[in-house]
Amino acid sequence: QALEDQYSPSRWSPRLDRDTIIDAHLAVTAAGTERARASAQTLLHVPYGNGVGEKLDIYFPTDPSETFPVLVYIHGGYWQCLSKDDSGFAAPPLVSHGVAVVAVGYDIAPKGHMDAMVLQVRRSLVFLVERYPRIRGIYLCGHSAGAHLAAMVLSTDWTEFQVVPDIKGAVLVSGVYDLEPILHTYVNDALNMSQEVAQRNSPMRCVTPAVPAACEVLVAVAQHDSPEFRRQSQEYSQALRAAGWSVSLLDLAGVDHFDIIEKLSEDSYILTQV
């Protein structure tokens, strides 16, 4: 029961009760995505593979130069809900500054298996690099389960893909980096992970030594995330640092697991600025 509480982010927000905060989050991200689609030049539902869920939404910069950086956003939802269709809310402040934003879709559970989701996100980057040679630098941003998937991207051995994406930065927001505690909670009901699957897909367990030009990593966690989420962020950032990565931990006051990411639609928000 204690683990269930720790891994139920909706229980920890002082703003709203646990029954309304998820609905509020869905409403905010959906409305923000609608605004982004109305104001930006977009290419929606671009297939990066043959699977039903293997699609991207691309929000192009308002004033694209010859080359442009891209922020790849990986949504959360505990690997079993949410989608790319409500994940464009962060685009407006970024596209207005010449940055493309890509929201990645992947097959969520129960259809999607953890190994498959990790592979899909990796393949989405390979597709972007091959399709858009004008991209100069990829910046990953993931929230919650999406931060886990983004962290798994950082541990990729790209030799099997014959392409090495130029990942310059990663912003990991309120993530889970060790999946083992989740095996004993309701979260695993849909995921159906074995211990072996959880271990091989835990970023904490597959931190690679940083290469000389390795990207900068920002691990962000909310004041009102649960103690377990906060511990995981601290321990993962320490593990990256120990392996030589350039990493900083940002502990954001006054936000919870949900508005820490919702505020990316605001120009003045600290994470948007970073």
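The lining of the second largest cavity in this predicted model divides into eight nonpolar residues, two polar residues and no charged ones. The residues that line this second largest cavity are A151, L154, S155, P203, C206, V207, T208, Y236, L240 and W245. Two elements, α5 (145–154) and α8 (227–242), each give two or more residues to that lining. The volume of the second largest cavity is about 40 Å³.

A search of the whole structure finds three cavities of 30 Å³ or more, and the largest of them holds about 70 Å³ of space. Its lining is made up of H25, T29, Y73, H75, G76, L82, S83, D86, S87, F89, H143 and I261. Sorted by class, the lining of the largest cavity has four nonpolar residues, seven polar residues and one charged residue. The idea behind such a search is that rolling a probe the size of a water molecule over the atoms shows where empty space is left.

**Helix α5 and the loop after it**

How many of the residues of α5 are buried? The count is 10 of the 10, so α5 is largely enclosed by the rest of the structure. The buried residues of this helix are A145, G146, A147, H148, L149, A150, A151, M152, V153 and L154. Two of these names, A151 and L154, also appear in the lining of the second largest cavity.

The loop between α5 and β6 (167–173) holds V163, and Q162 has its place in the loop between α5 and β6 as well. Is Q162 buried or exposed? With a relative accessible area of 69%, Q162 is exposed, because the cut-off for exposed is over 50%. V163, on the other hand, counts as buried at 12% relative accessibility, because buried means under 20%. The C-alpha atom of V163 is separated by 9.4 Å from that of F127, although these two residues are 36 residues apart along the chain.

A record also touches this part of the chain: an unreviewed UniProt entry carries the annotation "domain: BD-FAE-like" for residues 56–156. Over residues 56–156 the chain is 33% helix and 26% strand, and the C-alpha atoms at the two ends are 20 Å apart.

**Aromatic residues**

The count of aromatic pairs comes to seven. One of them joins Y78 and W79 in a stacked arrangement, with 5.7 Å from centre to centre and 25° between the planes. Another pair is formed by W158 and F161, whose ring centres are 5.5 Å apart and whose planes stand at 55°, so this pair is tilted. Both W158 and F161 are buried. Y78 and W79, together with Y186, form one aromatic cluster.

**Accessibility of single residues**

The table gathers relative accessibility values for some of the residues discussed in this report.

| Residue | Relative accessibility | Class |
|---|---|---|
| Y78 | 10% | buried |
| W79 | 0% | buried |
| N188 | 10% | buried |
| S13 | 11% | buried |

**Polar contacts of S13 and N188**

S13 is found in the loop between α1 (2–6) and α2 (18–39). Which side chain makes a polar contact with the side chain of S13? The partner is the side chain of D256, at 2.6 Å. In addition, a polar atom of the S13 side chain lies 3.1 Å from the backbone nitrogen of R15.

N188 belongs to helix α6 (residues 188–191). A polar atom of its side chain lies 2.8 Å from the backbone nitrogen of M193.

**Backbone angles**

Most residues other than glycine have a negative phi, and most peptide bonds are trans. With this in mind, three places in the chain can be looked at in turn.

W79 lies in the loop between β3 (68–74) and α3 (91–95), and its phi is near 60°, a positive value in a residue other than glycine. Q162 likewise has a positive phi, near 60°, and is a residue other than glycine. The third place is the peptide bond from A109 to P110, which is cis, with omega near 5°. P110 lies in the loop between β4 (100–104) and α4 (114–131).

Methods: Residues numbered from 1 in each chain as written. Predicted model: local features only at pLDDT ≥ 70, side-chain atom pairs only at ≥ 80, totals over all residues. Heavy atoms only, no water. 1 Å grid on protein atoms, 1.4 Å probe; cavity = no way out; pocket = protein on both sides within 12 Å on 5 of 7 lines; lining within 4 Å. Points joined across faces, edges and corners; volume = space filled by probe spheres on them. Nonpolar A, V, L, I, M, F, W, Y, C, P; charged D, E, K, R; others polar. Helix = DSSP H or I, 4+ residues; strand = E, 2+ residues; numbered from the N terminus. UniProt positions renumbered as here; feature names shortened; annotations may be inferred. Phe/Tyr/Trp six-rings, centres within 6.5 Å; stacked < 30°, edge-to-face > 60°. Buried < 20%, exposed > 50% of the residue type's maximum accessible area, 1.4 Å probe, protein only. Polar contact = N/O pair within 3.5 Å; in protein donor to acceptor, adjacent residues only side chain to side chain.
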